[in-house]
Amino acid sequence: MEAFKSILHEAQRIVVLTGAGMSTESGIPDFRSAGGIWTEDASRMEAMSLDYFLSHPRLFWPKFKELFQMKMSGSFEPNEGHLLLAELEKQGKQVDIFTQNIDGLHKKAGSRHVYELHGSIQTAACPACGARYDLPHLLEREVPECTAAGNNGDICGTVLKTDVVLFGDAVMHFDTLYEKLDQADLLLVIGTSLEVAPARFVPEDASLIPGMKKVIINIEPTYCDSLFDMVIHQKIGAFARSLGIKK
Ligand code: NAD
């Protein structure tokens with residue numbers, strides 16, 4: 001604990017990489033633990049692909065909503081782990097959070113520099129005319145469509161594409177992650193199995209940067225724990241509470 005505090009104290013520019021484990025204590029299940037979303041039904045992965053959306057846009061949405069209805073309800077609150085990161089920013093540190101989560105909880109906790117690598121569940125866009133829509137519109141109908149009027153006055157009507165990055169879509173903000181990593185003195189990895197590319201390459205790449213400290217907080221071991229200066233196998237919310245963070 002004291003060693004972790006001292007690493008935090010010395011760090012001025014922190015790059016944080018988070019995954020689903022960051023939000024399990026907010027009540028959102030992760031993907032790969034027992035009972036996780038993919039563990040329960042592997043065919044869901046196929047339906048959440050760009051290919052499936054492009055070929056069956058109207059079938060895609062009911063499946064997407066079934067899978068993500070909990071997260072779309074907006075009823076989740078940040079846990080102490082999210083608040084710890086927001087607190088570090090309040091202390092004057094530069095904290096850039098790159099999250100694989102689509103739940104919006106880092107922003108809800110007050111962190112200002114949040115990069116959603118896998119997009120967001122809150123918004124969608126029209127593939128035909130680019131019009132953008134937020135959550136209330138996506139929830140109005142089972143299959144959300146573009147309601148913008150074209151030049152001829154007709155409603156566009158194209159099925160919207162979620163801003164969540166689907167399997168086969170490009171991950172976002174990765175160039176920024178590497179720019180920030182180059183200037184950082186601490187990489188903090190929290191609640192990710194590091195099984196999904198390209199996030200899985202980050203710890204190894206960070207090891208090539210001289211002077212970079214690396215800490216991972218994850219309940220269970222990951223394949224690259226040996227690359228870190230400090231490995232903490234605890235729940236992030238409970239760990240943050242032990243550092244004095246309260247909701
Ligand atoms: P993952 O399910 O592969 O791994 C989560 C890791 O977090 C596991 O190793 C688990 O042991 C650990 N963990 C679980 N609870 C924890 C806690 N309280 N404290 C610390 N560690 C904990 O998740 P991942 O690596 O993020 O996988 C990537 C995919 O999962 C991404 O595509 C992401 O979009 C998606 N996802 C996001 C959410 C969300 O938005 N909250 C939820 C589920 C999945």
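The points below comment on the predicted model of this protein chain.

1. Secondary structure. The protein chain contains 9 strands together with 11 helices.

2. Overall dimensions. Measured against the expectation for a compact globule of 247 residues, a radius of gyration near 18 Å, the protein chain agrees, because its value is 19 Å. The C-alpha trace extends over about 65 × 40 × 35 Å along the principal axes.

3. Burial and contacts. Buried residues make up 48% of the 247 in the protein chain. Among contacts with a separation of 6 or more, 64% are between residues 24 or more positions apart.

4. Surface and charge. About 12000 Å² of the protein chain is exposed, and 51% of this area comes from carbon and sulfur atoms. Negative side chains number 33 and positive ones 24, with the centres of the two sets 5 Å apart.

5. Strand β8. This strand covers residues 213-217. It is largely enclosed by the rest of the structure, because 4 of its 5 residues are buried, that is, under 20% relative accessible area.

6. Neighbours of β8. Strand β7 (residues 186-190) runs parallel to β8 and is joined to it by 5 bridges. Within this pairing, V215 of β8 stands opposite L188. Strand β9 (residues 230-232) also pairs with β8 in the parallel sense, here over 3 bridges. In that pairing, I216 has V231 of β9 as its bridge partner. In a regular strand, side chains alternate between the two faces of the sheet.

Key: Residues are numbered from 1 along each chain as its sequence is written. This is a predicted model: local features need pLDDT of at least 70, side-chain atom pairs count only at pLDDT 80 or more; totals for chains, interfaces and linings use all residues. Side-chain values use heavy atoms; hydrogens and water are left out. Helices (H or I, at least four residues) and strands (E, at least two) are DSSP runs, numbered from the N terminus. The radius of gyration is taken over C-alpha atoms; the globule rule is 2.2 Å times the number of residues to the power 0.38. Buried means under 20% relative accessible area, exposed over 50%, partly exposed in between (1.4 Å probe, protein chains only). Contact means heavy atoms within 4.5 Å. Accessible areas come from the Shrake-Rupley method with a 1.4 Å probe; for residues, only the protein chains shown count as cover. Lys and Arg count as positive and Asp and Glu as negative; His and the chain ends are not counted. The place of a charge is taken as NZ of Lys, CZ of Arg, CG of Asp or CD of Glu. Two strands pair if DSSP finds at least two bridges between them.
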